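Biologist: I would like a close look at one part of this model. Please take the main nonpolar core and the helices around it, then follow the packing outward.

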Amino acid sequence: MNLPRPLRTAAAPALLTATALLALTACGSSEADSGSGSGGTVEIRIPDPGNSGVLALGKKDGSLDKALAKAGAKVRWTGSAGPFAPAAQAMNANQLDIATGSITSGITSLAQRPGFKFFTAVAPDAAGEGILVKNGSGIGSVADLVGKKVAVNQGGTGEYLLLKALAKAGIPAEKVERVYLRPDQTAAVFNAGKVDAWAVWATYAVAEIGSGKAQFVADGAAIGSDNYSLNAVRTGFAEQHPGVVKALYRYLHDASAKEKQDPAAYLNVFTDVGPTAVTGKAKEVQTAFTREGGTVDAIGPQDIERFEDVAGFYAEQKVTPDKVDVATHLLDIEKLK
């Protein structure tokens with residue numbers, strides 16, 4: 001997905017499609033896929049990163065495999081990055097080793113029977129996510145959403161952002177109609193005027209804001225979002241190859257810091273034309289978002305507290321039937337050997 005942010009993946013709807021899962025798992029299906037390759041090299045299965053981000057550049061210049069080689073590993077690119085929920089299913093089915101998603105989509109996936117753990121965190125995107133409205137819509141505040149239709153991805157970032165914004169404004173959730181849509185299908189609905197607003201993140205917001213036809217009525221900072229981006233690893237892989245996971249973390253941490261300093265170098269890695277390219281005003285928007293964003297870091301105690309706050313909020317809002325215990329599904333990267 002890929003994505004403008006380091007290893008960041010769109011949060012997922014709760015209801016999955018077979019095609020979404022197949023896209024992630026088409027290239028892997030057995031334990032041997034993440035075992036030793038030629039010469040005893042461990043293969044780690046990661047969704048193809050697309051055209052932007054630290055993984056895209058690491059794939060192109062070979063720096064990722066070079067870093068992993070020190071831990072006796074190399075990447076097998078499989079499928080393409082996309083929503084976290086099908087990626088979580090792929091990890092659970094031993095068809096994928098690494099995936100990225102938000103804490104919000106992560107919590108809904110953890111409410112199932114997870115076969116993965118989170119091992120890194122990127123701080124909430126204060127500038128690049130929020131409630132998007134079209135210019136001239138007459139919606140100037142969260143309060144103006146009352147009686148309106150807002151597109152969200154069910155159980156993921158979009159639903160969280162909307163519910164969080166409404167709660168902060170003291171507006172009962174039932175006063176706003178949630179329209180559940182897959183994020184990759186929402187732009188057309190939003191631009192056709194079939195919904196009044198779209199709760200969304202940078203992956204999709206950049207193009208809309210870059211077009212000059214839309215803006216955030218409230219961004220992540222205004223909403224008070226705790227929507228971290230997380231990297232997950234299949235539990236079995238982490239148990240068998242902790243050194244590889246730690247090497248991947250170090251690479252992502254260092255590369256994300258470089259990306260923050262020079263965002264343009266991580267855009268349009270393979271091509272600057274076509275649907276995967278970020279051009280014009282959208283490129284300026286994405287560059288600004290990345291400069292203001294976080295880096296890939298180890299998960300600390302304060303992060304865990306905020307994860308638990310999100311889990312509690314989701315339970316209060318009936319997104320999950322009960323509060324999910326996030327802490328039991330986290331890895332302390334510094335303790336891996």
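Modeller: What follows starts at the core, moves through its helices and ends at the other helix pairs and two loops. Keep in mind that this is a predicted model.

Start with the core itself. The largest nonpolar core holds 46 residues. Phe-118, Ile-131, Leu-145, Leu-162 and Phe-307 touch the most other members. The biggest contribution comes from helix α6, residues 157-168, which supplies six residues. There is also a second, separate core of 28 residues. Among its members are Phe-237, Ala-247, Ala-255 and Val-296.

Now take one of the well-connected members, Leu-145. Leaving aside residues up to four places away in sequence, Leu-145 touches Ile-131, Ile-139, Val-150, Leu-162, Lys-175, Val-176 and Ala-197. Two of these partners, Ile-131 and Leu-162, are themselves in the group that touches the most other core members.

Ile-131 leads on to Ile-223. This residue sits in helix α9, residues 220-223. Ile-223 is buried, because its relative accessible area of 2% falls under the 20% cut-off. Again leaving out residues up to four places away in sequence, Ile-223 touches Gly-130, Ile-131, Leu-161, Lys-164, Ala-165, Lys-168 and Ala-218. Leu-161, Lys-164, Ala-165 and Lys-168 fall within the residue range of α6. A further pairing spans the sequence: Ile-223 and Leu-166 are 57 residues apart along the chain, and their C-alpha atoms are 8.6 Å apart in space.

Helix α6 also packs on helix α13, residues 301-316. The angle between them is about 80°, and the axes are 11 Å apart. The two helices are therefore roughly perpendicular to each other. From α6, the contact uses Tyr-160, Leu-163, Lys-164 and Ala-167. From α13, it uses Val-310, Phe-313 and Tyr-314. By class, that contact has six nonpolar residues, no polar ones and one charged one. Lys-164 appears here as a contact residue of α6, and Lys-164 is also a partner of Ile-223. The spacing of some contact residues fits a general rule. An α-helix has 3.6 residues a turn, so residues three or four places apart point the same way.

Next comes helix α8, residues 202-210. This helix is mostly covered, with seven of its nine residues buried. The buried ones are Ala-202, Tyr-204, Ala-205, Val-206, Glu-208, Ile-209 and Gly-210. Note that Glu-208 is on that list. The buried residues pack against β5 (130-134), α7 (186-191), β8 (197-200), β9 (214-219) and α12. After α8 comes Gly-212, whose phi is positive, near 80°.

One partner of α8 is α12, and α12 has a helix contact of its own. Helix α11 (residues 242-261) packs on helix α12 (residues 280-292) at an angle of about 130°. Their axes are 8 Å apart. That makes α11 oblique to α12. The crossing is left-handed. Glu-259, Lys-260 and Gln-261 of α11 meet Thr-290, Arg-291 and Glu-292 of α12. The residues of this contact divide into no nonpolar, two polar and four charged.

The loop between α11 and α12 holds Asn-268. Its phi is near 50°, a positive value in a residue other than glycine. At 13% relative accessibility, Asn-268 counts as buried.

A last helix pair is α4 with α5. Helix α4 (residues 84-92) and helix α5 (residues 103-110) pack at about 45°, with axes 9 Å apart. That makes α4 oblique to α5. Here the crossing is right-handed. Phe-84, Ala-85 and Ala-88 of α4 make the contact with Ser-105, Gly-106 and Ser-109 of α5. By class, this contact has three nonpolar residues, three polar ones and no charged ones.

Asn-94 lies in the loop between α4 and β3 (98-102). Phi of Asn-94 is near 60°, again positive in a residue other than glycine. Asn-94 is buried, with a relative accessible area of 15%.

To return to the start: α6 gives the most residues to the largest core, and α6 also meets α13 in a contact with six nonpolar residues.

How values were computed. Residues are numbered from 1 along each chain as its sequence is written. This is a predicted model: local features need pLDDT of at least 70, side-chain atom pairs count only at pLDDT 80 or more; totals for chains, interfaces and linings use all residues. Side-chain values use heavy atoms; hydrogens and water are left out. A nonpolar core is a set of buried Ala, Val, Leu, Ile, Met, Phe, Trp, Tyr and Cys residues joined through side-chain atoms within 4.5 Å. Buried means under 20% relative accessible area, exposed over 50%, partly exposed in between (1.4 Å probe, protein chains only). Helices (H or I, at least four residues) and strands (E, at least two) are DSSP runs, numbered from the N terminus. Contact means heavy atoms within 4.5 Å. Axes are lines fitted to C-alpha atoms, for helices over the stretch in contact, and angles run from 0 to 180 degrees between N-to-C directions. Angles under 35 degrees count as roughly parallel, over 145 as roughly antiparallel, 65 to 115 as roughly perpendicular and the rest as oblique. A crossing is left-handed if the near helix is turned anticlockwise from the far one by less than a right angle, and right-handed if clockwise. Ala, Val, Leu, Ile, Met, Phe, Trp, Tyr, Cys and Pro count as nonpolar, Asp, Glu, Lys and Arg as charged, and the others, Gly among them, as polar.
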